[in-house]
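Let's take a walk through this structure together, moving from rings to strands and on to a charged side chain. Keep the 3D view open as you read.

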Amino acid sequence: DLSGKNPLLKQLFGYLGDNVIIEPPLRVDYGTNTFIGSSTYMNFGCIILDCAKVTIGKNVLFGPNVQIFAATHPTDPAPRLDGKEYALPITIGDNVWIGGGAIILPGVTIGDHTTIGSGSVVTKNIPSGVVAVGNPCQVIKKVNIPSNP
């Protein structure tokens, strides 16, 4: 019964579109920095570290255990030891499918109509209308974009 979930989710997120389904458990840092478009489905066990803005388009499908990490730390040990940390925004376009266990790293944009393969680690921007897989995630083919998405 989803009737009791969506009022709570609307309070948690910065924006929650209509017909969004999120299977528990879901873990977020803040929630208020995450904006989710309509008709999005998030399978079990997703994690969103939304220390910066996370924008998820409409009609996005998430497999189980997808991880979205806007939070990051300096790679230089000295500032990291001083407790420095920062975050970079993440944008996921419309009509995207992200396979189970994929990890989306800080600062990444994934274009519309794109599929990210299961287990992929997305370290850089991925364009619209492609299938991308692997670690690091790389484009392996282009797809036909529907004329009326």
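How many aromatic pairs does a search of the whole structure find? The search returns 0 aromatic pairs, and keep in mind that this is a predicted model. A ring does take part in another kind of contact, though: the charged end of K53 is placed over the ring of F35, 4.9 Å from the ring centre. Hold on to K53, as we will come back to this lysine below.

Now turn to the strands. Strands of a sheet pair through backbone hydrogen bonds, in either a parallel or an antiparallel sense. Here, 5 strands make an open sheet in the order β3-β6-β9-β14-β17, and their pairing is parallel. The edges are taken by β3 (27-28) and β17 (121-122); each has a single partner strand, so one side of each is left without a neighbour in the sheet. At the β17 end, the partner is β14 (residues 103-104), which runs parallel to β17 and is joined to it by 2 bridges. To find this pairing in your viewer, look for I103, whose bridge partner in β17 is V121.

Next, follow β6 (47-49) into the loop that leads to β7 (54-56), where you will find D50. Is D50 buried or exposed? D50 is buried, and yet this aspartate has no salt bridge. The nearest side chain of opposite charge belongs to K53, 12 Å away, the lysine whose charged end sits over the F35 ring. A salt bridge would need a side-chain nitrogen of Lys or Arg within 4 Å of a carboxyl oxygen, so K53 does not qualify at that distance. What the side chain of D50 does reach is backbone: a polar atom of this side chain lies 2.6 Å from the backbone nitrogen of G31, and the side chain also reaches the backbone nitrogen of D29 at 3.5 Å.

Finally, look at β18 (residues 130-133) and β19 (residues 138-142), which pair in the antiparallel sense over 4 bridges. These two strands form a hairpin with 4 residues between them. In the turn, G134 has a positive phi of about 100°. Two pairs let you trace the hairpin: V133 has Q138 as its bridge partner in β19, while V131 has K141. Strand β18 is also joined by 2 bridges to β16 (residues 115-116), and here the two run parallel. In that pairing, I116 stands opposite A132 of β18. Thus β18 pairs in the antiparallel sense with β19 and in the parallel sense with β16.

Key:
Residues numbered from 1 in each chain as written. Predicted model: local features only at pLDDT ≥ 70, side-chain atom pairs only at ≥ 80, totals over all residues. Heavy atoms only, no water. Phe/Tyr/Trp six-rings, centres within 6.5 Å; stacked < 30°, edge-to-face > 60°. Lys NZ or Arg CZ within 6 Å of the ring centre and 35° of its normal. Pairing = 2+ DSSP bridges. Buried < 20%, exposed > 50% of the residue type's maximum accessible area, 1.4 Å probe, protein only. Lys, Arg positive; Asp, Glu negative; His and termini not counted. Polar contact = N/O pair within 3.5 Å; in protein donor to acceptor, adjacent residues only side chain to side chain.
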